[in-house]
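Here are a few exercises to work through with the model open. Try each one yourself before reading its solution.

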Amino acid sequence: MIWVIGANGMLGSELCRQLDSKKIPYVGTGREVDITKNESLESFLCAQEAKSYLVHSPENKDSLKIKWIVNCAAYTAVEKAESEPELAEQLNSTGAKNIAQIARYNGIKLIHISTDYVFDGTSATAYTESMPKNPIGIYGKTKSDGEDFIQQAMTQYYILRTAWLYGYSHPNFVYTMIKLMNEKEEIKVVNDQFGSPTFAGDLADCIIRIIEKSEKNANAFDLKSMIPYGIYNFTNMGEISWFDFAEKIYALGKKYGRITNDCNVLPCSTSEYASKVKRPAFSVLSKEKILNTLKIKIPAWDKSLENFIKNKSF
């Protein structure tokens, strides 16, 4: 049984959808379980464990017993975090620590979602998992602290750093651009911040692959077949600016009838926008480690974007 924390969010809801389609047992929780309070997490886990004792069929033995936690819950409002540092810390740092502690005490493996914002964006090359962190804002700092708490609390964890996430539910850059392009004759998008977009469906698929491969090799004696615990980067393939992203959104939006208005998409610099927080100018994450470990093919950013925009769920 997989416990998806933050099941109502953009990534959590996509993960639950894929688990449903694969008929993989899971339970999802949202705000009804307060990750900032140990007693709330423990109460839910105890209730779920009690249910597993009522299953007597040999085929369903331990089917309700939680073996994995996937933590998709987070405070992600980057600018708002600067004026709400305590709330961001509670959700991103304290929440991660509480989840890691309860996972360790109960022998549960943890997959935790982190971010490119743990870096300062000054690198000239794609960030690897081992490069030193240096967050430049409250959001990044609290997510970085959350990573540290997990590493201190347990060993059976996978931390997945991702970036520029978009999906079918909740506001995101793609939906925002489509809306503005349908309303305005001209929009400006920064062309001096570089990264890699990530479709939530691709990240959810990666999470499931980690779980499936780990479970398949749980009793294997060949260490080469195991997935080493630790930190991994995952985004779609490719390196672009936000302006490049917006241009492609416009082209695909017009192609598939999502945009009916004519709109000029113009480049601009970050300095033209007043912002409460400095954002990483370069946040491309190296995928070499996860590609070599999982032996998967990660879709290119533009291919995943096209599949997203033309899908009936858009």
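**Exercise 1.** In which strand does R161 lie? Then work out its burial and its side-chain partner.

*Solution.* This is a predicted model, so keep that in mind throughout. Start with the secondary structure: R161 sits in β5, the strand covering residues 157-162. Next, check the accessibility: R161 has a relative accessibility of 1%, so it counts as buried, the cut-off being under 20%. Finally, look for a partner: the R161 side chain makes a polar contact with the side chain of E147, at 2.8 Å.

**Exercise 2.** How many disulfides does the structure hold? Go through C72 and C206 to see how they fit in.

*Solution.* The count is zero. Take C72: its nearest cysteine sulfur belongs to C16 and is 7.6 Å away, and C72 is in no disulfide. A pair would need its sulfurs within 2.5 Å. Now C206: the closest cysteine sulfur is that of C72, 12 Å off, which is too far for a bond. As for burial, C72 counts as buried because its relative accessibility is 17%, and C206 is buried too, at 1%.

**Exercise 3.** At what angle do helix α1 and helix α6 pack? Classify the pair and find the residues in contact.

*Solution.* Helix α1 (residues 10-21) and helix α6 (residues 200-216) meet at about 60°, their axes 9 Å apart. That makes α1 and α6 oblique to each other. The crossing of α1 past α6 is right-handed. For the contact itself, α1 contributes M10, L11, E14, L15, Q18 and L19, while α6 brings A200, G201, L203, A204, D205, I207 and I208.

Key. Residues numbered from 1 in each chain as written. Predicted model: local features only at pLDDT ≥ 70, side-chain atom pairs only at ≥ 80, totals over all residues. Heavy atoms only, no water. Buried < 20%, exposed > 50% of the residue type's maximum accessible area, 1.4 Å probe, protein only. Helix = DSSP H or I, 4+ residues; strand = E, 2+ residues; numbered from the N terminus. Polar contact = N/O pair within 3.5 Å; in protein donor to acceptor, adjacent residues only side chain to side chain. Axes fitted to C-alpha atoms, helices over the stretch in contact; angles between N-to-C directions. Parallel < 35°, antiparallel > 145°, perpendicular 65-115°, else oblique. Left-handed = near helix turned anticlockwise from the far one by under 90°. Contact = heavy atoms within 4.5 Å.
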